[in-house]
Amino acid sequence: MTSSRLAPGAGIVTVPGGRPAVRTAEGEFLHLDTGTADLAALTRHLVGGEAASDAEVARVAAAFEREGHAVRPDPEEGGALTGRTVLLLGEARLTGPLARYAAAEGARTRHATPEHVGRLADGEGADASTVVVWCLDEPAPPALWDAADRLPAHGTAWLRCHREGAHLWTEPLAAAPGDVTSAHVRLRRLAATSAHRQLAAYWAGHRTPDNGPHPGEAACALVAALLTADLLAWAAPGPGSGLPARRRLRRVDLRDLTVTEHPVLPVPPVAPLPGRGSGPA
């Protein structure tokens, strides 16, 4: 039988001259009352995997499990993304490190094409264990991601990033109908600026040629880590898992690698405006 181990991030702290404590993964300190259980034997059990020396050690270890401070490792369990497929498109300098990070968490990573994404968006081969990640080292032109925005409606998750000048944006992961799509992000950003006409023209390509700055190795690693964090949130078990990641727009400043976060919500559908001359006089 697998013995319980301290949960990742949790630990036992011995206080000289005082009672021992549990440091939780969140950084809280809780007083630890071991009763008649030997603290050294409990530590050997929870840290080194030694079998419980007596019933009291087993009792306290079980309390650790009930409170979430100890777990029973599954020797056959892989990484957090085991059983998930990550389909990658776009700029290799961004997708390369992301592929490595996702694979390290157990994911199957594959390169895809816009045509493949289009088929998934039509429901052909859609799979709830698959996520499409599309990374651009340039502004996303209008309509490029229109088909991919239909992926969540068919159960395939959808994550993306793009660069605009010195800023690289990572958009929220969309995993289900009603999540934030790239079209929603565009509408929200246009509504949030008084320069909406200029921003729309910029996206449409009415601008001087791009002159960077392109993300360097450190920036690519940072962006890949942020995207991997979103994938981990998506893969977490439980209803509503990863919801904060599905409502979060990030901006990475490539000049100093600072990251700012902005909450963003879906844009509800509205009825089209009546045409000229329609409706009552």
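Helices and strands are taken here as DSSP runs, of at least four residues in state H or I for a helix and at least two in state E for a strand, numbered from the N terminus. In the predicted model described here, histidine 69 falls in the loop between α2 (55-66) and β5 (70-71). With buried meaning under 20% relative accessible area, histidine 69 counts as buried because its relative accessibility is 15%. Residues up to four places away in sequence being left aside, histidine 69 is in contact with Arg5, Leu6, Ala7, Ala10, Val22, Thr24, Leu30 and Phe64.

Two open sheets are considered next. One of them consists of 3 strands in the order β2-β3-β4, with antiparallel pairing. Its edges are formed by β2 (11-13) and β4 (29-31), each of which has a single partner strand, so that one side of each is left without a neighbour in the sheet. Direction ignored, neighbouring strands of this sheet are turned against each other by 30° on average. Between β2 and strand β3 (residues 21-23), which run antiparallel, there are 3 bridges, and isoleucine 12 is placed opposite valine 22 in β3.

The other open sheet contains 7 strands, arranged in the order β7-β6-β8-β9-β10-β11-β12, and its pairing is mixed. Here the edge positions belong to β7 (108-111) and β12 (259-263), and because each has a single partner strand, one side of each lacks a neighbour in the sheet. From one strand to the next, the twist averages 20°. Within this order, β9 is joined to strand β10 (residues 167-170) by 4 bridges in the antiparallel sense, and histidine 167 in β10 serves as the bridge partner of glutamate 164. Helix α4 packs on the sheet through contacts with β6 and β8, and the direction of α4 makes about 130° with that of β6.

Helix α4 (residues 114-121) has Val117, Gly118, Leu120 and Ala121 among its residues, and these four are buried. They lie on the same side of α4 because the arc they cover around the axis is only 160°. The buried residues of α4 pack against β6 (85-90) and β8 (130-135). Just after α4, glycine 123 adopts a positive phi of about 90°.

The largest nonpolar core comprises 28 residues, of which Val86, Val131, Val133, Leu173, Leu227, Leu231 and Trp234 touch the most other members. Two or more residues of this core are given by each of β6, α3 (92-104), β8, β9 (157-164) and α7 (217-235), and the largest share, 9 residues, is that of α7. Valine 133 is in contact with Val86, Leu87, Leu88, Leu89, Leu98, Leu159, Leu227 and Leu231, again without counting residues up to four places away in sequence. Another core, of 15 residues, lies apart from the largest one and includes Leu87, Ala121, Trp145 and Leu151.

A further packing arrangement involves two helices, α5 (residues 182-191) and α6 (residues 196-203), whose axes are 9 Å apart and which pack at an angle of about 145°. To this contact α5 contributes Arg186, Arg189 and Leu190, whereas α6 contributes His196, Leu199, Ala200 and Trp203. Sorted by class, the contact of α5 with α6 has 4 nonpolar, 1 polar and 2 charged residues.

Definitions and conventions: Residues numbered from 1 in each chain as written. Predicted model: local features only at pLDDT ≥ 70, side-chain atom pairs only at ≥ 80, totals over all residues. Heavy atoms only, no water. Axes fitted to C-alpha atoms, helices over the stretch in contact; angles between N-to-C directions. Contact = heavy atoms within 4.5 Å. Nonpolar A, V, L, I, M, F, W, Y, C, P; charged D, E, K, R; others polar. Buried < 20%, exposed > 50% of the residue type's maximum accessible area, 1.4 Å probe, protein only. Arc of directions from axis to C-beta. Pairing = 2+ DSSP bridges. Core = buried A, V, L, I, M, F, W, Y, C linked by side-chain atoms within 4.5 Å.
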